[in-house]
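Please open the model in your viewer and keep the sequence panel beside it. The stops below are meant to be taken in order, with a selection to make at each.

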Amino acid sequence: MRRPFRSLIVAAAAAALVLPLCTVTAANATPPGLSDADRSALRNQAPIDLAVGSAVWGRQQLMDYDPGAPTEYQQVLGAQFSSVTPENDMKWDAIHPAPDVYDFSSADALVAYARANHQQVRGHTLLWHSQNPAWVTEASATWTCDDARAVLEDHIRTVVGHFKGEIYEWDVANEIFQDTWDAGGVRLRTDRNPFLKACADDPVALLVDAFRWAHEADPDAVLFLNDYNAEGVNAKTDAYYSLAQEMLAAGAPLGGFGAQGHLSLLYGFDTSLQANFERFAALGLQVAVTEADVRIPLLEGETGPTPRQVATQAERYDAMLQACLNVTACSSFTVWGFPDANSWVPGVFPGEGWATILEDDYSPKPAFDAMLASLRDATPGVSPRR
Ligand code: G3I
């Protein structure tokens with residue numbers, strides 16, 4: 001049965017209309033006009049030191065934002081979440097489409113939306129092997145390491161500098177390790193990442209400098225390593241753990257480790273997520289679940305999942321959230337978009353879907369309910385977890 005958020009989202013929209021923009025100082029500062037007693041919004045029920053976020057594609061969802069007449073999607077995004085991550089708008093192909101051209105239009109729209117709705121912004125991402133524009137792919141064929149360093153430094157200083165003061169966490173380096181199943185096994189992506197490839201003789205030196213450039217451009221942003229298949233203690237997260245130690249020893253301003261949290265019911269759930277977070281926290285880092293979704297293999301001819309699949313999905317989302325709640329260094333928990341119609345999953349995993357926490361009519365799934373209950377139980381209202 002649909003359980004609309006309508007009273008909540010109307011209040012949020014009204015609040016956004018009358019209040020001046022201001023910087024959010026606590027992760028879950030309650031949007032004006034909403035009562036802390038309102039028990040149906042994730043952002044209101046979360047501990048004050050845990051941001052609860054969603055990915056959003058600003059180019060598609062926020063360019064038309066009018067605080068006086070938000071779309072239903074925009075209302076739900078503002079009412080439910082205290083943090084937003086640009087799903088695509090800050091990636092190289094969107095923000096740096098030509099060597100001398102930076103296009104901040106959709107990322108700026110996202111930041112403006114976040115400010116109007118008293119949300120924080122997670123920056124994503126500055127160094128990745130995917131979604132690089134053609135000019136990078138072409139030029140990198142002949143790059144020396146110095147060439148690559150110059151291009152990356154300009155990009156990081158320009159992009160991070162543009163958003164200085166607006167971003168609380170930056171995914172500086174994304175998916176820089178291969179997996180056990182890739183040719184060559186778990187090692188830095190010196191084959192596919194054009195920057196790491198050009199500097200394959202000493203890729204860690206490049207990473208240390210990438211974090212340093214970002215820190216110099218915005219000293220207040222917490223700088224993350226981020227990856228998929230990085231939830232539990234495994235060969236890949238062992239490699240990240242070693243890298244983090246090496247980078248910290250070299251003086252890199254590394255501040256966080258993010259586990260993306262892209263799960264599928266085709267596989268089991270690795271219950272060592274909390275232990276993994278704890279070991280990174282022991283290094284002095286923040287940790288975060290940065291891109292949570294749980295995709296479901298849909299049976300041939302079926303339009304939706306079975307009740308058992310629905311229940312298991314809720315358990316998986318909740319298990320990731322519980323691990324985060326149990327580690328005080330876990331600073332943010334972000335779902336990778338909503339509703340299912342906006343999910344990247346069906347386009348990449350044919351036969352899988354229903355991966356987000358909201359139905360296409362924005363009604364909450366059991367996964368949403370489980371998360372809301374866990375947030376409430378953790379620390380009702382606004383007190384921190386400490
Ligand atoms: O660039 C075209 C644009 O010109 C066109 O108007 C538009 C029309 O749909 O498509 C654009 O390309 C899309 C691109 O995002 C945007 O640059 C692709 O179709 C689309 O498939 C692509 O997908 C994104 C994917 O990253 C690409 O790798 C997904 O939306 C996004 O959710 C996904 O996010 C990644 C994280 O960044 C890192 N972790 C894994 C996660 C899921 O793959």
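At what angle do helix α10 and helix α11 pack, and how far apart are their axes? Bear in mind while looking that this is a predicted model. Select residues 203-217 for α10 and residues 235-249 for α11, and you will have two helices that pack at an angle of about 65 degrees, with 10 Å between their axes. The crossing of this pair is right-handed. To see what fills the contact, show the side chains of V204, L207, V208 and F211 on α10, which meet L243, E246 and M247 on α11. Sorted by class, the contact of α10 with α11 comprises 6 nonpolar residues and 1 charged residue, with no polar ones.

Next, turn to the cysteines, since the structure holds 2 disulfides. Counted along the chain, the bonded cysteines follow the pattern 1-2, 3-4.

Select C145 and C199 to begin with, where a disulfide joins the two residues with an S to S distance of 2.1 Å. C145 belongs to helix α8 (residues 145-162), whereas C199 sits in the loop between α9 (194-198) and α10, so this pair ties together parts that are 54 residues apart in sequence. The torsion about the S-S bond of C145 and C199 is about 100 degrees, and the disulfide is therefore right-handed. How do the two ends compare in relative accessible area? C145 is partly exposed, at 28%, while C199 is buried, at 2%.

Then move to C324 and C330, which are joined by the other disulfide, with an S to S distance of 2.0 Å. Here the torsion about the S-S bond is about -95 degrees, so the disulfide of C324 and C330 is left-handed. Both C324 and C330 are buried.

For the last stop, select residues 105-116, which form helix α6. How far apart are the end C-alpha atoms of α6, and what span should its 12 residues have? At 1.5 Å a residue the expected span is 16 Å, and because the end C-alpha atoms are 17 Å apart, the model agrees with that expectation. Colouring by accessibility is useful here, as the buried residues in α6 are S106, A107, A109, L110, V111, Y113, A114 and A116. Finally, step past the helix to H118, which follows α6 and has a positive phi, near 55 degrees.

Methods:
Residues numbered from 1 in each chain as written. Predicted model: local features only at pLDDT ≥ 70, side-chain atom pairs only at ≥ 80, totals over all residues. Heavy atoms only, no water. Helix = DSSP H or I, 4+ residues; strand = E, 2+ residues; numbered from the N terminus. Expected span 1.5 Å × (residues − 1). Buried < 20%, exposed > 50% of the residue type's maximum accessible area, 1.4 Å probe, protein only. Axes fitted to C-alpha atoms, helices over the stretch in contact; angles between N-to-C directions. Left-handed = near helix turned anticlockwise from the far one by under 90°. Contact = heavy atoms within 4.5 Å. Nonpolar A, V, L, I, M, F, W, Y, C, P; charged D, E, K, R; others polar. Disulfide = S-S within 2.5 Å.
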